[in-house]
Each structure stands twice: as C-alpha cells, then as structure tokens.
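I opened this entry to keep track of what I looked up, beginning with the sheet and then moving to the chain as a whole and to a single residue.

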Amino acid sequence: MSAQDQPLRLLGAPGSPYTRKMLALLRYRRIPHAIIWGGHQSPPPDLPTPKVKLLPTCYFPTADGDVEAMVDSTPIIRRLEREHRERSALPDDPIVSFLNDLIEDYADEWLTKAMFHYRWAHKPDRENAGPLLIFWSLPLLPAAEAANWSAMITKRQFDRLYVVGSNDVTAQTIERSYERFLAVLDDVLQHKGFALGARPAAADFAIYGQLTQLGLVEPTAAALTARYPRVRAWIDRMEDLSGLEPSAADWMSRDEALHACAPLLGKSGASTHPSSLPTPPPLRRAKRISKPPSTARPGPSPPSLIKPSACTG
Ligand SMILES: N[C@@H](CCC(=O)N[C@@H](CS)C(=O)NCC(=O)O)C(=O)O
C-alpha cells in the first residue's frame, strides 16, 4: 500500500491528553486513521522522526509519496482543516474562531498543569499512575519488573512537578482553579452542548483531551469531576462523535458565544496570566510533606521510557 493510501497514522499513548484530543477529533471528522500505541522516545523505525519528539506524532502522506512527521496538536488540527473540508472543527466566524483559539490554548497550556499536578502530587494518584504508565507502553512486562520501573518513574515525575509550576505554594492555586473550571464548564455545556455551539470545536477536543486524564484516570481529580455529572457524561460522549451530523447553523453567533463562554474566557484570562501562578525562587523548591517510594533499582531504560515525558513518563 502506498503512503497516500494509508490511513493517517498517529503515534500516541492513552495517558497523553494531546493524543486523546487528536483521536477524538479524527473520529468526529471521519478522517481515516490508525493509532500506534507507543512512546515518544522510540518512534516506529520505518517512519520519519519529527523535529521534536512529542506525543502525539502525526504521519502525513505527502504528494510525492513520502511521509512527513508532525507534532503539536494545534497546528496539526489546522493542517487537517486545509486537507479535509467536511465536518470542520473551526467556527466560520472569525470572532467565534478567535474564541475557539483562546479556549483551546487555555486547555492545552493551563489545564494540563492540573493534569500533571493531580497525576503526581498526591500519593494515591501517583500510586495509581505509575503502573498505568508502564503498562500503557509495555503490556507484556512481568509484574515484578513493572513494579520496579513504576517506582522509578513515579519518583522521577514527582521530582519534575516543578516543571509545571506545581509545589506546596502553588498546589492550592492549581486545585482551586480546576474546581472553578468544572463549575464553569458545567454552565457552558448547558447552552448548546459544546463550548461554541451544538457542534464540537477544536476547543472542545482540547478540553476533552485533558479531561480524559483528570476526569477518568487520576483518582483525586476524577472524584472532583464526578461532582459534575453533566461534565463527566460529556467526557464519554466526546470520545466518539462520528455519528453527529453538524450544520453551519450549529455554531453560536458572536453574541451567543461571547455570552455563553464569558465565564470560561474570564477564567482562562485570569488563570493563564503569568502572575496567577507564583513561581518558587530558582534553585529552591518548596519542600513536600510526603515522599514517593524510592525502592526502584534503576537499570538500563526500556526503549520507550528513556526520557521522561511531561504526561506519560
Ligand atoms: N503542545 C503539544 C504538547 C504535546 C506534549 O507535551 N506531549 C507530551 C505527552 S502528553 C510529550 O510527548 N512530552 C514529551 C516530553 O516532554 O519530552 C501538543 O499540543 O501536541
């Protein structure tokens, strides 16, 4: 089969919010695709290496029969819009489209801090995430070996919480922000079912991607999310919207969108402003009360786990 005839291939992991964002978008847009479950450090040897190794990596067939590797879900979505016109995830109106960009960016850049924080900051959550990260990548690994790797990765990710600005000083800011976000999303969804209308936009897929983890995987955040059954049910519906038949009239007008999303936009502006998350002084991290397990005996890394990823190990 030539590259042109192949379904769009995507390297990703179930625990990567951006992978889940892209998969749901591809399903909704009815773009034939094939997911390759794997790690960003060990991409398939027969496919080109992207400039930056990230999940998901999308492999686009090119006109000359070659394949081009691309990362970063936001520009990937825009490229798909240029190559496939039907069932667009970008509103037609430029102002509504701009609102979509803002909300998408909020989910990709801010909500992901909550995702990483909840995954690793609290003991029950990291004890849940550690083994999942291993088995998402290496389903055949013997249990004892998996436990060893899990303890090592858990410690490493805990030690990297500062990368997303999570520490004892900022934990409360991040957690209150997530709780407020849930209340706001619950309100937004009551208007038309999605952020900007009765059809999903890229912003919805970005929110969904983060909620596949926060709402389903991380126990502490999932318990908070369960307080909003409308939001919790929305996560399940977002997974597969291939049967939805959208029309142009399903997008909100400018006024409707500004009204419906005002609380979300206010929140995204307040949360993502640099001053909203105090950064600890360099070289001095706030001390944590509880320590993760340090029983691991690191040996040579399994191929896909060599370098820690922000989400997936
Ligand atoms: N902005 C990128 C973010 C992708 C990203 O950060 N992916 C994570 C996994 S969820 C990753 O591969 N991280 C690798 C690393 O941090 O080295 C997108 O929207 O796709």
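I looked up the sheet first, in what is a predicted model, and found 4 strands forming an open sheet in the order E2-E1-E3-E4, with mixed pairing. Strand E2 (33-37) and strand E4 (67-71) stand at the edges, and because each has a single partner strand, one side of each is left without a neighbour in the sheet. From one strand to the next I noted a twist that averages 25°.

I then turned to the pairing of strand E1 (residues 8-12) with E2, where the two run parallel and 5 bridges join them. Within this pair, I recorded that Leu10 stands opposite Ile35 in E2.

For the protein as a whole I counted 10 helices and 4 strands, and from the N terminus on I wrote down the order of the elements as β-α-β-β-β-α-α-α-α-α-α-α-α-α. Of the 313 residues in the protein, 40% are buried. I also looked up how far contacts reach along the chain: among those between residues at least 6 apart in sequence, 76% join residues at least 24 apart.

Last, I went to Met70, which lies in strand E4, and asked whether Met70 is buried, exposed or partly exposed. Met70 has 17 other C-beta atoms within 10 Å and is therefore partly exposed, since the cut-offs are 20 or more for buried and 12 or fewer for exposed. Leaving aside residues up to four places away in sequence, I found that Met70 touches Pro50, Cys58, Phe60 and Ile76. I also noted that 8.8 Å separates the C-alpha atoms of Met70 and Thr49, which are 21 residues apart along the chain.

How values were computed
Residues numbered from 1 in each chain as written. Predicted model: local features only at pLDDT ≥ 70, side-chain atom pairs only at ≥ 80, totals over all residues. Pairing = 2+ DSSP bridges. Axes fitted to C-alpha atoms, helices over the stretch in contact; angles between N-to-C directions. Contact = placed C-beta atoms within 7 Å.
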